[in-house]
Protein chains: 2
Amino acid sequence: MPATAAAIPASSRKVPCEKCPLRGKSALRDFTPEELAFVSEFKSGELHAEPGTTLFLQSTNSAHLYTLLSGWVFRYKMLPDGRRQILNYALPGDLIGLQGSIANEMQHSVEALTDALLCVFPREKLWSLYTGYPALAFDVTWLAAREEQILDENLLNVGRRTSIERIAYLLLHLFTRAEEAGLTKSDTAQFPFTQQHLADTLGMSLVHTNKTLRRLTATKTMRWKDKKFEILDRDGLAKIAGFELAAPRSKRPFV
Amino acid sequence: MPATAAAIPASSRKVPCEKCPLRGKSALRDFTPEELAFVSEFKSGELHAEPGTTLFLQSTNSAHLYTLLSGWVFRYKMLPDGRRQILNYALPGDLIGLQGSIANEMQHSVEALTDALLCVFPREKLWSLYTGYPALAFDVTWLAAREEQILDENLLNVGRRTSIERIAYLLLHLFTRAEEAGLTKSDTAQFPFTQQHLADTLGMSLVHTNKTLRRLTATKTMRWKDKKFEILDRDGLAKIAGFELAAPRSKRPFV
DNA sequence: CGACTTGTTGATGTACATCAAGGTACGTGG
DNA sequence: CCACGTACCTTGATGTACATCAACAAGTCG
């Protein structure tokens, strides 16, 4: 997002963690002074990425772990013939590249959707985080579990919802996350992706995404034009998405 | 699996971790005596689950964390109208319910597919694992990252592969995991699930799954009858699944 | 008592007609 | 040029319906 990126000059080589723009705002917990000092020391630098920049490449190994300071980034996988599946989007505050630090090889690629500013951490030092700062280690696990939850929901979305439900769900999901990251004004947000990105996230073709998007617009629950997304009827949109959960089929509930 | 379950009598309240049937075999790393002692103390008991038993319920909170000792178990989510998406399968050695220990509420359900034996750990003690045993904490993160990788692949599968590719991929994936868990004899494995489970994993209807399964059988790369799965031509099956990875679309590779 | 029906249920196999989604083509506007 | 919009025809996937088969329980008859 140009606005946000401008607020943090890319020229500054290293914003001290004590002045991290993410602190205070957003859902970040409070760190102790010791934790803050360690993280500051852990951080090896910053990276400014332009839209379209590849941050990680499928089947290569990565020396770094990133935290996203500003901008949008997405993870994806590709098949040999070019079919692409977008797995998830990362917003400010998200951790990027943990898989590559745990396994040796990256199983997916990561690309910047907007101008993005990232904190860089060397992966070798991740271990010292586990030995010295259990609370931070727990945070890392927390982030991994949260990513897993989002993936679970995406899988349900792609596998079992109809095209209009899928789009409604995804747009609402992304809007909610943008809200949590403080990127919304009342009921609007800047959405930097294209219909092709949506299609590749939802497992649909571009044409069909476009037609379905039009049908969804006709419900007057939302508006999306020129990258500006606006929610007109949140409950209505949630209802189309089929947000509610259900009791299981299973006959024998445990205990 | 009856055979495996019989080998570990469900009556014994607590198999000591030193004698865990998973140790030695499988990809488990070696624990130090201290770690082993802690895990043994961490473990609060065992649970024997019959096929169809619900271990976790969507939108409830769970007091426990499990490790699967024997049998098959699957995670799934449901929509209000009964549509079901199976997210993943757990095999011996897998951790179950971490999400519920990190967040407060379970976002998915878990059901036993076969007779299953599980080690039970109280979730309150997870924190002491982080403070006292960083290597075990790292292992937990490792398991979470691995689960995330599998979900990534499932999402690619459901979102971007054709029906025959999807089935080929899933069967090969499950066979490979069964191999790692030591549940195969040469090129055969007992697969405890039905075509309905496959359909719900792949986001397809039962009828279409059946027809596609028949087309796949016609390629003579595998056979699946009466729960017995056999690989006839592994490379052929992998080729149908489109296992290979690809270079990204992106124009500007980083660095 | 045993052997032979009968009915039930769950998993699988197959045939339609219907519908949702894909692919190609060709628009527009910035 | 790229993102979006729309028309057209084709194909892949769904839903309903019905048939098969094995496993299992209940009942009947010799």
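**View 1. Contact between the two domains of chain A in the predicted model.** Ten residues of domain 1 of chain A are in contact with ten residues of domain 2 of chain A. On the side of domain 1 that touches domain 2, six residues are nonpolar, three are polar and one is charged. Domain 1 covers residues 30-151 of chain A, and domain 2 covers residues 161-241. Between the C-alpha centres of these two domains of chain A the distance is 25 Å.

**View 2. Contact between chain A and chain B.** Chain B and chain A each give 57 residues to this contact. On the side of chain B that touches chain A, several elements give two or more residues, among them the strands β2 (53-56), β4 (73-78) and β5 (84-90) and the helices α3 (98-102) and α4 (126-132) of chain B.

**View 3. Helix α5 of chain B at the contact with chain A.** Helix α5 of chain B spans residues 134-160. The largest share of the side of chain B that touches chain A comes from α5(B), with 19 residues. By class, that side of chain B has 26 nonpolar, 19 polar and twelve charged residues.

**View 4. Helix α7 of chain B and its surroundings.** Helix α7 of chain B runs over residues 195-202, and B:L198, B:A199, B:D200, B:T201 and B:L202 in this helix are buried. Among the elements of chain B that cover the buried residues of α7(B) are β5, α5, α6 (163-180) and α8 (206-218). Just after α7(B) comes B:G203, with a positive phi of about 70 degrees.

Conventions: Residues are numbered from 1 along each chain as its sequence is written. Chains are lettered from A and ligands numbered from 1 in the order in which they are written. This is a predicted model: local features need pLDDT of at least 70, side-chain atom pairs count only at pLDDT 80 or more; totals for chains, interfaces and linings use all residues. Domain bounds come from an automatic or database domain assignment. Two residues are in contact if their C-beta atoms, placed from the backbone, lie within 7 Å. Ala, Val, Leu, Ile, Met, Phe, Trp, Tyr, Cys and Pro count as nonpolar, Asp, Glu, Lys and Arg as charged, and the others, Gly among them, as polar. Helices (H or I, at least four residues) and strands (E, at least two) are DSSP runs, numbered from the N terminus. A residue is buried if 20 or more other C-beta atoms lie within 10 Å of its own, exposed if 12 or fewer, and partly exposed in between; C-beta atoms are placed from the backbone.
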